[in-house]
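Student: I have a new structure to read. Please take me through it one feature at a time.

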Amino acid sequence: MKTGQELARAQQDRWQRAYLADPTLHGAEPSAAARWTAKLFGAAGIDDVLELGAGQGRDALYLARQGFSVHATDFSEAALDQLRLDAQREGLDDRVTAALHDVRDPLPPADATVGAVYANLLLNMAFTHAELRSLVNEIRRVLRPGGLFVYTVWSTDDLCYGKCPEIGDGLFAKGGFAARFFDQALVHELAERWELGGADAYQEGPEPRRLWRVTQAKPAPK
Ligand SMILES: C[S@@+](CC[C@H](N)C(=O)[O-])C[C@H]1O[C@@H](n2cnc3c(N)ncnc32)[C@H](O)[C@@H]1O
């Protein structure tokens with residue numbers, strides 16, 4: 001088994017190669033979660049979104065088209081190059097910015113400066129349990145009080161769970177990528193010190209993938 005650092009570097013390289021090989025790796029259409037999230041953020045009066053693990057930007061561009069101002073980050077420069085190119089082509093570059101960032105590092109924004117954070121299929125990547133907790137704490141730090149965090153992850157109800165080879169620390173390998181499957185206990189653990197708005201099971205894609213869509217809010221001071 002690779003150490004945490006070795007696995008992280010290998011995964012970054014794996015994603016970079018996958019994005020270089022395919023300019024629309026996750027398709028051109030926004031995810032179901034992005035469509036749902038745009039409605040939620042709009043109804044909450046949010047106008048700025050920090051997207052983590054944005055990939056080539058199918059969701060960042062969709063959110064920008066809906067009028068949000070989006071700062072998208074990922075640890076693949078190839079993905080972000082594609083995102084910037086597409087934003088420019090669509091004339092959305094005034095509403096979408098992109099920056100290279102590994103979410104194992106502290107998030108760049110200052111405390112309580114972000115309206116909403118969105119992460120589609122990022123938290124189920126190759127993170128240790130401790131890294132997940134620290135990332136979620138960082139997200140809470142940068143959100144304004146009352147700010148929203150929506151994330152999606154693979155669920156332990158997914159058909160791959162228990163069938164893909166386990167590579168240690170609760171992570172599984174699928175097509176060269178490492179992933180974690182979330183059960184309800186982990187969803188609830190990551191919502192400690194948050195207001196959990198909902199953990200909704202849904203399916204997406206041809207296989208289909210079984211997922212959780214989780215909404216949690218940073219409590220406003222009483
Ligand atoms: C399954 S893809 C989802 C991409 C995008 N959210 C979408 O739905 O199209 C996971 C993304 O997380 C990124 N990622 C994985 N580990 C990361 C890390 N430690 N820091 C930043 N991005 C990471 C990958 O580069 C990849 O773009």
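Student: Where does A112 lie?

Tutor: Helices (H or I, at least four residues) and strands (E, at least two) are DSSP runs, numbered from the N terminus. A112 is in the loop between β3 (96-100) and β4 (114-120). A112 also has a positive phi of about 55°, although A112 is not a glycine.

Student: What should I know about the model and its numbering?

Tutor: The model is predicted: local features need pLDDT of at least 70, side-chain atom pairs count only at pLDDT 80 or more, and totals for chains, interfaces and linings use all residues. Residues are numbered from 1 along each chain as its sequence is written, and side-chain values use heavy atoms, with hydrogens and water left out.

Student: Is the peptide bond from E207 to P208 cis or trans?

Tutor: That bond is cis, with omega near -20°. P208 belongs to the loop between β9 (195-204) and β10 (209-217).

Student: Which residues come nearest to the ligand?

Tutor: A residue is near a molecule if one of its heavy atoms lies within 4 Å of it. There are 19 residues around the ligand, and Y19, G53, R58, D74 and N120 come nearest.

Student: Which polar contacts does the ligand have with G53 and N120?

Tutor: A polar contact is a pair of N or O atoms within 3.5 Å. For G53, a backbone N or O atom lies 2.7 Å from a nitrogen atom of the ligand. For N120, a polar side-chain atom is 2.9 Å from an oxygen atom of the ligand. Accessible areas come from the Shrake-Rupley method with a 1.4 Å probe; the ligand taken alone exposes 600 Å², and the protein buries 96% of that.

Student: How many aromatic pairs are there?

Tutor: Rings of Phe, Tyr and Trp (its six-membered ring) pair if their centres lie within 6.5 Å; planes under 30 degrees apart count as stacked, over 60 as edge-to-face and the rest as tilted. The count comes to 10 aromatic pairs. One of them, F41 with F68, is edge-to-face, at 6.3 Å centre to centre and 80° between the planes. F41 lies in helix α2 (residues 32-43) and F68 in the loop between α3 (58-65) and β2 (69-74), so this pair ties together parts that are 27 residues apart in sequence.

How values were computed
A polar contact is a pair of N or O atoms within 3.5 Å; within protein, one must be able to donate a hydrogen and the other to accept it, and residues adjacent in sequence count only if both atoms are side-chain atoms.
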